[in-house]
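Subject: Structure handover

Hello,

Here is the structure you asked to take over. Please open it next to this email and follow along; my findings come after it.

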Amino acid sequence: MKIIRLKQFSLLVIGACIILISTSCAPKQAHYPVYTNPNETKWIAEDIDGTPVQGFAHIWMRLDNDGKIYGSGGCNSFRGSYSYSDGFFRTGPLAMTRKRCAQGISLQESKFMKSLSKVNSMQKKDGTLYMEGQDSSLLFYKGH
């Protein structure tokens, strides 16, 4: 009886190993699609003024085709309008919720919102969105 259980357990372990090995050998996606329009895409902040986003803050934005911008500064949500014409980007007034947040996240959120209000150009290259302006820069990657 013990030998039969040992054989069953061994077969179970071998099967699990085969599954693990076969999934780790699956081909990885080598090509990511290139998006020509930064609109209708969720952009996740990676860098604010040359400093990587810290902690677990999920800072993101979305630019809709109808001139609306919305997202999260890491704690609070924001929304408003933007314009982009002749290579010039500008946000309109942005409304923001006023939740109480941890101090580090609040400081980073404030830095992000200040930078977003100062950027005046944007360029999308290889799935990354670069925004720059007077003493401000933002770097985003495409979210899901």
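Tryptophan 43 has lysine 142, in strand E9, as its bridge partner. This is a predicted model, so please read every value below as computed from it. The pair belongs to the match between strand E1 (residues 42–48) and strand E9 (residues 136–142), which are joined by five bridges and run antiparallel.

Strand E9 has another partner. Strand E8 (residues 128–133) pairs with E9 through six bridges, again in the antiparallel sense. One example is leucine 129, whose bridge partner in E9 is phenylalanine 140. E8 and E9 form a hairpin, with two residues between them. Aspartate 135 sits in that turn and has a positive phi of about 55°.

Next, two residues of E8.

Is threonine 128 buried or exposed? Threonine 128, which lies in strand E8, has a relative accessible area of 17%. The cut-off for buried is under 20%, so threonine 128 counts as buried. Leaving out residues up to four places away in sequence, threonine 128 touches Trp43, Gln123, Leu139 and Phe140. Two of these names have come up already: Trp43 is the bridge partner of lysine 142, and Phe140 is the bridge partner of leucine 129.

Tyrosine 130 also lies in strand E8. Its relative accessibility is 35%. Partly exposed covers the range between under 20% and over 50%, so tyrosine 130 counts as partly exposed. Beyond its neighbours within four places in sequence, tyrosine 130 is in contact with Ser121, Met122, Gln123, Lys125, Leu138 and Leu139. The C-alpha atoms of tyrosine 130 and tyrosine 141 are separated by 9.0 Å, and the two residues are eleven apart along the chain.

Glutamine 123 appears in the contact lists of threonine 128 and tyrosine 130. Where does glutamine 123 lie? It is in strand E7 (residues 119–125). Not counting residues up to four places away in sequence, glutamine 123 touches Thr128, Leu129 and Tyr130. Proline 38 is 85 residues away from glutamine 123 along the chain, yet their C-alpha atoms are separated by 8.6 Å.

Now helix H2 (residues 103–118). It has 16 residues, and at 1.5 Å a residue it should span 22 Å. The end C-alpha atoms are 23 Å apart, which agrees. Which residues of H2 are buried? They are Gln108, Glu109, Phe112, Met113, Ser115 and Leu116. These buried residues cover an arc of only 165° around the axis, so they are on the same side of H2. On the other side of H2, Gln103, Leu107 and Lys114 are exposed.

Last, the chain as a whole. How many helices and strands does the protein chain have? There are two helices and nine strands. From the N terminus on, the order is α-β-β-β-β-β-β-α-β-β-β. The protein chain has 144 residues, of which 31% count as buried. Its accessible surface comes to about 10,000 Å², and 58% of that belongs to carbon and sulfur atoms. Among contacts between residues at least 6 apart in sequence, 43% join residues at least 24 apart.

Regards

Conventions. Residues numbered from 1 in each chain as written. Predicted model: local features only at pLDDT ≥ 70, side-chain atom pairs only at ≥ 80, totals over all residues. Heavy atoms only, no water. Helix = DSSP H or I, 4+ residues; strand = E, 2+ residues; numbered from the N terminus. Contact = heavy atoms within 4.5 Å. Pairing = 2+ DSSP bridges. Buried < 20%, exposed > 50% of the residue type's maximum accessible area, 1.4 Å probe, protein only. Expected span 1.5 Å × (residues − 1). Arc of directions from axis to C-beta. Areas by Shrake-Rupley, 256 points an atom, 1.4 Å probe, with all protein chains shown as cover.
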